[in-house]
Protein chains: 4
Amino acid sequence: MKVRIGLIGAGWMGKAHSNAFRHASMLFGPEAGEPVFEIVQDIDAEAAKAACHNIGFSRWTENWEDVVRDENVDMVDIATPNAFHYDVARAALENGKHVYCEKPLTISPKQSKELAILAKEKGVVNYVGFNNVMNPANNYIKELIDSGKLGEIKRFSGTYDQDALLDETIKISWRHINKFSGSGSLGDLGSHLLSVAQYWFGDAKKVNAVSETIIKERPKAPDSLEKGKVENDDFFFSMIKYENGVIGTIGSSRVAPGRKNHLTYEIQGTQGTAYYSLENLSEVHVYFHSDESADRGFRKVLLGTDHQGYSAFYPQSGIAIGFNDLKVIEVHEIFTALKEGKVYTCDFEFGWKVDRTIDAILRSAAVEQWVPVE
Amino acid sequence: MKVRIGLIGAGWMGKAHSNAFRHASMLFGPEAGEPVFEIVQDIDAEAAKAACHNIGFSRWTENWEDVVRDENVDMVDIATPNAFHYDVARAALENGKHVYCEKPLTISPKQSKELAILAKEKGVVNYVGFNNVMNPANNYIKELIDSGKLGEIKRFSGTYDQDALLDETIKISWRHINKFSGSGSLGDLGSHLLSVAQYWFGDAKKVNAVSETIIKERPKAPDSLEKGKVENDDFFFSMIKYENGVIGTIGSSRVAPGRKNHLTYEIQGTQGTAYYSLENLSEVHVYFHSDESADRGFRKVLLGTDHQGYSAFYPQSGIAIGFNDLKVIEVHEIFTALKEGKVYTCDFEFGWKVDRTIDAILRSAAVEQWVPVE
Amino acid sequence: MKVRIGLIGAGWMGKAHSNAFRHASMLFGPEAGEPVFEIVQDIDAEAAKAACHNIGFSRWTENWEDVVRDENVDMVDIATPNAFHYDVARAALENGKHVYCEKPLTISPKQSKELAILAKEKGVVNYVGFNNVMNPANNYIKELIDSGKLGEIKRFSGTYDQDALLDETIKISWRHINKFSGSGSLGDLGSHLLSVAQYWFGDAKKVNAVSETIIKERPKAPDSLEKGKVENDDFFFSMIKYENGVIGTIGSSRVAPGRKNHLTYEIQGTQGTAYYSLENLSEVHVYFHSDESADRGFRKVLLGTDHQGYSAFYPQSGIAIGFNDLKVIEVHEIFTALKEGKVYTCDFEFGWKVDRTIDAILRSAAVEQWVPVE
Amino acid sequence: MKVRIGLIGAGWMGKAHSNAFRHASMLFGPEAGEPVFEIVQDIDAEAAKAACHNIGFSRWTENWEDVVRDENVDMVDIATPNAFHYDVARAALENGKHVYCEKPLTISPKQSKELAILAKEKGVVNYVGFNNVMNPANNYIKELIDSGKLGEIKRFSGTYDQDALLDETIKISWRHINKFSGSGSLGDLGSHLLSVAQYWFGDAKKVNAVSETIIKERPKAPDSLEKGKVENDDFFFSMIKYENGVIGTIGSSRVAPGRKNHLTYEIQGTQGTAYYSLENLSEVHVYFHSDESADRGFRKVLLGTDHQGYSAFYPQSGIAIGFNDLKVIEVHEIFTALKEGKVYTCDFEFGWKVDRTIDAILRSAAVEQWVPVE
């Protein structure tokens with residue numbers, strides 16, 4: 001099954017998507033899905049040209065409109081900054097294209113809802129790249145939750161900290177300006193926690209947040225004395241009540257010294273606990289209160305052939321999975337959706353529901369009280 | 001310098017105190033402080049008698065009033081359930097005794113304030129047993145904070161989780177009834193986090209909390225079908241704004257599967273981060289952004305002869321400190337206070353300030369919004 | 001630069017190689033190297049056909065002789081059981097092909113030496129797939145060693161334990177029969193440790209080993225009562241003296257309960273120590289005695305943009321690298337060798353020197369005394 | 001039951017013993033054992049006097065002969081450098097005293113055997129202070145071994161590394177001179193591993209060792225230019241075959257950068273594995289192959305009320321045990337021996353058997369081949 005791809009955005013993430021398409025096809029065979037690299041767009045012509053050449057696209061362009069209208073494109077793959085997702089995705093849907101969009105879906109629930117409805121009308125495959133949702137580690141934890149092995153889940157606490165923006169000398173970028181990003185660490189990092197939690201627990205009901213911009217101004221260019229205002233959260237934290245009764249406490253920071261990719265969470269039930277850190281992608285820690293008392297302890301379970309999504313890569317347990325592999329799993333989900341006509345996990349409706357929580361957290365942080373997710 | 005001790009409460013903690021007095025005296029010499037085990041009280045006569053015999057007290061009694069009035073007692077050492085602290089401490093102070101009281105000081109800031117004022121009037125040594133404040137690990141972190149090595153501190157997040165009360169079959173006890181305990185996991189566990197944070201950052205300004213009673217009823221006796229109502233929090237969580245601008249996020253649970261003594265926290269500054277877990281008492285993790293870029297990483301620093309409070313025990317770094325050693329350090333603080341006429345750390349005023357935060361968290365959890373610490 | 005590939009062996013490893021060729025080409029561009037999937041061989045026709053189809057080879061065959069003679073093949077990529085490496089590599093070299101061979105090079109130093117000499121005569125690129133040698137973690141450790149930051153290196157201790165063959169019910173396979181495998185855990189697992197050590201320290205001088213076959217017989221088929229004899233080591237251990245004075249202690253087991261991919265080692269110098277575990281592929285632990293005394297501790301360094309080989313994959317530090325990424329780095333080495341006409345790391349001569357140590361360990365384990373590496 | 005103690009050696013270890021006697025008595029009651037601090041000796045009169053004063057001994061002396069002959073002494077407690085153990089213990093035994101001696105028992109198996117025979121003749125309690133043998137962590141592992149939960153034990157690997165003597169500027173001391181110490185890291189550190197292994201597995205049968213003096217000379221005084229020769233091993237390593245078939249690989253170093261108290265070992269059986277590190281005294285890691293496949297992982301078991309020896313200290317699991325607590329457990333063993341007339345663990349015969357292995361390792365390291373334990 002060939003899928004002719006039009007890629008929007010030729011940066012790191014766009015390349016990672018392309019590799020994932022190719023790798024997934026090799027692993028599962030062309031019947032499962034086979035990418036045809038039709039056209040790649042980037043506003044930077046050099047970047048577009050280079051990606052075209054390196055990845056093997058047939059054509060390149062500077063204009064995304066060329067891509068969404070292209071008759072030879074089956075799927076538009078959006079890997080741009082957040083604020084551009086909406087326009088591109090809308091146009092792609094209107095042209096009847098399948099759409100694969102990086103997370104978060106858009107920068108407002110209103111936009112996201114519109115896209116979700118439109119995608120449903122058009123009957124096309126629509127997928128948001130929340131790569132942690134189908135991470136085999138999280139799949140395993142989901143199975144633990146669903147099987148009842150952890151009892152009734154009571155508490156979810158999570159952190160996604162990085163220090164990529166710790167230095168004050170790092171120049172201001174689209175990430176710091178709300179009209180491009182929608183929010184700061186919340187949309188960029190926090191959305192990963194929110195997506196996983198909502199996949200497991202269902203919708204969030206209300207939230208109570210704080211946020212802070214720690215570095216308030218940044219230089220406009222690397223050595224410039226001229227500074228621009230950082231408009232959004234370097235750090236946020238929110239208490240969250242989920243529809244199913246779970247209490248969540250979630251935060252993230254992009255200025256946390258020493259934390260590189262510290263997405264970590266803990267789920268406590270009445271009979272067990274599981275915790276995880278993305279920095280050690282291939283291990284899950286789980287505790288069963290049902291174990292014999294003297295031998296109880298957190299088990300460090302290495303991902304392996306018993307865990308969904310792993311065996312495609314490695315025939316033996318304990319071989320480290322990397323970020324690129326997660327993207328392969330994601331693309332395999334998309335291939336499957338193309339065949340079965342149905343997205344089981346991160347469709348646009350799901351992306352919209354995550355965006356609603358992001359929006360509620362922004363509103364709550366502004367008024368500093370509980371606000372409902374709307 | 002002999003100190004004649006009257007111990008109130010002959011349970012585990014009372015015995016730990018007594019051992020700490022003896023051990024501190026051996027380590028630092030009798031001039032630094034030497035306990036005379038004068039009298040021990042417990043409402044359970046057998047317990048009082050046994051402690052008297054084993055520890056080597058001269059006398060025992062069932063009535064605490066005997067102790068606080070005893071002419072041969074210099075210091076009253078209170079190791080009872082929380083709700084009894086106030087009456088005993090008050091009477092002891094009124095009789096001019098030095099008072100060493102387990103944490104939390106009382107079950108209300110009103111009581112604690114009264115004790116703090118009375119203690120000051122009487123000019124006696126008054127100390128609350130927050131054993132984590134002078135833990136060498138925390139001393140080391142305090143030095144990192146005060147030296148500026150971590151930059152300006154922005155964030156404190158902490159958890160104190162245990163599963164000692166996870167089983168629903170555990171019978172109801174004083175811990176579950178507010179008139180005896182004041183609160184649930186908050187006063188018992190959370191107070192350790194609050195004490196450390198306030199020692200480092202100063203007073204809390206306002207708090208925003210949630211709490212939950214997960215096991216709502218417990219049997220009145222081990223195999224009884226009759227049940228009593230659990231009145232307080234199995235789990236609480238609070239956002240806290242400190243006077244100095246630090247944002248804290250603190251929680252605890254007594255029903256967290258697999259967590260045995262999981263007091264853990266992380267302090268993030270603008271130039272570094274430190275984190276710690278009491279389950280690995282003798283190691284501190286610290287990250288310096290000032291390290292050479294390729295070699296940056298969290299350092300696992302084992303407590304040793306470079307860290308205040310360690311060398312009294314061991315002549316060489318990396319030998320594991322235990323809980324009993326923390327109590328020896330605490331008693332050494334008290335001996336020092338007796339000599340210097342001044343408590344530098346956890347006096348009753350400090351205990352009162354911690355109790356104010358506990359009270360604010362209870363009030364906030366009731367109304368589910370930010371409330372000021374009063 | 002196009003490279004027409006003939007793949008021998010269509011199992012997991014062969015597929016991993018093919019993906020690595022494709023991925024490396026996408027990352028570094030076709031000028032750096034671009035695979036043309038010419039022909040794939042497997043003795044199992046179905047496997048050959050499937051790999052041909054999924055990966056996109058032009059043709060398939062059951063006979064490896066077809067591949068080594070094929071005029072359209074530039075490079076023969078050998079991913080078969082160990083014992084077949086020699087014949088295929090020899091024939092490929094004789095036909096003037098570049099050769100990329102999985103580790104270990106052959107099952108005897110005699111064979112390996114012959115191949116190394118022949119490869120040099122033919123002037124072709126020859127590479128052994130010791131994927132850990134250029135692992136960014138090991139590159140970083142090599143830099144620490146070479147820079148003198150660890151002082152003079154004194155000691156190397158390493159373990160590579162797995163439990164893939166722990167169950168006695170697992171049937172006998174080529175891995176257990178010396179004419180196919182040459183040795184047991186030694187060649188399969190231990191060779192990874194030996195390759196890394198020799199890349200860092202130079203040749204081994206003498207060895208002193210023990211080995212043991214723990215499961216002495218295995219069923220000939222999954223449920224068969226008929227059993228075959230396991231001929232080689234489930235476990236070996238060797239002391240090793242390197243030419244440069246380092247003392248090594250190295251062992252491995254394929255029946256170590258709970259150890260999945262536990263390649264771990266520690267290097268101690270006079271001024272510092274580094275240790276590593278492949279189960280946490282993306283982190284290196286390093287200690288500098290030169291750090292300020294109170295702040296000394298092992299640093300957990302997450303691989304990132306400061307470490308050679310990482311940035312090709314990810315623009316930000318701390319994103320997990322997986323096994324597939326290691327193979328991409330390996331292939332990139334091969335592409336570079338094709339351009340520069342020189343292998344800097346794991347050429348056949350290097351592979352031969354590793355095989356000499358393997359051979360010495362086998363001889364030592366037989367006589368249980370120090371034997372020289374010859 | 002009063003025990004009148006004569007302490008030989010008033011350094012850190014002597015004080016730790018004294019505290020342990022007192023603490024054990026408090027915990028288990030005076031009937032179980034009650035120390036009477038009769039007399040303390042040190043060749044440094046000031047040290048003797050200070051210990052006498054601080055601990056509460058009745059008298060002090062510079063001459064150990066005064067102690068072993070003292071009619072008021074029931075038990076001689078030897079906490080001196082290794083080489084003095086023999087003379088003191090011999091004289092004490094000849095005077096019919098009970099003897100508690102720090103490890104290792106002596107500096108030669110010949111001396112140790114003599115003491116073991118003499119102690120048996122005299123019918124007194126004789127105990128060697130191998131504090132790790134009855135460490136609750138090791139007790140738990142012993143139970144795992146004895147219960148068969150780990151299957152048949154095949155392999156024991158252990159390391160005891162420290163860096164206390166890493167700096168070349170540290171002056172030469174008794175530890176470096178064989179007539180005082182018998183050996184270097186081997187007797188000081190390695191003996192801990194040997195004692196635990198022999199307690200579990202029985203006698204060692206033969207050994208094959210290497211050793212190295214890394215810092216060959218040290219200053220005679222802190223700032224002296226005059227240097228003395230270091231006579232013994234900074235580092236040793238030995239393969240060991242135990243009578244019961246277990247293969248051991250054991251090493252230690254006193255110049256291992258960053259390793260402070262890194263006593264660590266792993267036991268692999270046919271059905272499970274356990275590993276431990278003394279730097280995290282209160283946790284044991286154990287893997288059961290019998291666990292359900294997808295949920296298998298090393299369990300981090302925190303010591304607690306289910307583990308022998310723990311409950312004396314703490315009523316709740318997970319509270320950190322420290323080195324001082326281990327010594328209390330050791331003294332409790334001695335009290336029990338005094339009551340029951342029998343040492344179950346580390347009597348002089350056991351100490352002798354450990355010394356035989358030390359001696360074999362020294363002989364093997366000299367000839368660099370397997371030598372039998374004699």
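**Exercise 1. Is Phe298(C) buried or exposed?**

Solution. Start with the ground rules: this is a predicted model, in which local features need pLDDT of at least 70, side-chain atom pairs count only at pLDDT 80 or more, and totals for chains, interfaces and linings use all residues. Residues are numbered from 1 along each chain as its sequence is written, chains are lettered from A and ligands numbered from 1 in the order in which they are written, and side-chain values use heavy atoms, with hydrogens and water left out.

Now the classes: buried means under 20% relative accessible area, exposed over 50%, and partly exposed in between (1.4 Å probe, protein chains only). Phe298(C) has 6% relative accessibility, so this residue is buried.

**Exercise 2. Classify the ring pair of Tyr287(C) and Phe298(C).**

Solution. Step one is the rule: rings of Phe, Tyr and Trp (its six-membered ring) pair if their centres lie within 6.5 Å; planes under 30 degrees apart are stacked, over 60 edge-to-face, and the rest tilted. The whole structure holds 86 such aromatic pairs over all chains. In this one, the centres are 5.3 Å apart and the planes stand at 40 degrees, so the pair is tilted.

Step two is the location. Tyr287(C) belongs to strand S15 (residues 283–288) and Phe298(C) to strand S16 (residues 298–302), both of chain C, with the two positions eleven residues apart in numbering. Strands are DSSP runs (E, at least two residues), and helices are such runs too (H or I, at least four), numbered from the N terminus.

Step three is the surroundings: Tyr287(C) is buried, at a relative accessible area of 0%.

**Exercise 3. Find the charge that sits over the ring of Tyr199(C).**

Solution. The test asks for NZ of Lys or CZ of Arg within 6 Å of the ring centre and within 35 degrees of the ring normal. The charged end of Lys142(C) sits over this ring, 5.3 Å from its centre. In chain A, Arg356(A) lies over the face of Trp352(A), 5.1 Å from the ring centre.

**Exercise 4. Work out how chain C is related to chain A.**

Solution. Superpose the copies by least squares on the C-alpha atoms of residues with pLDDT of at least 70 in both. A rotation of 180 degrees with 0.0 Å of shift along its axis brings chain C onto chain A, at an RMSD of 0.0 Å. The two copies are therefore related as by a two-fold rotation axis. Gly322(C) is the residue of chain C that comes closest to this axis, its C-alpha at 1.9 Å.
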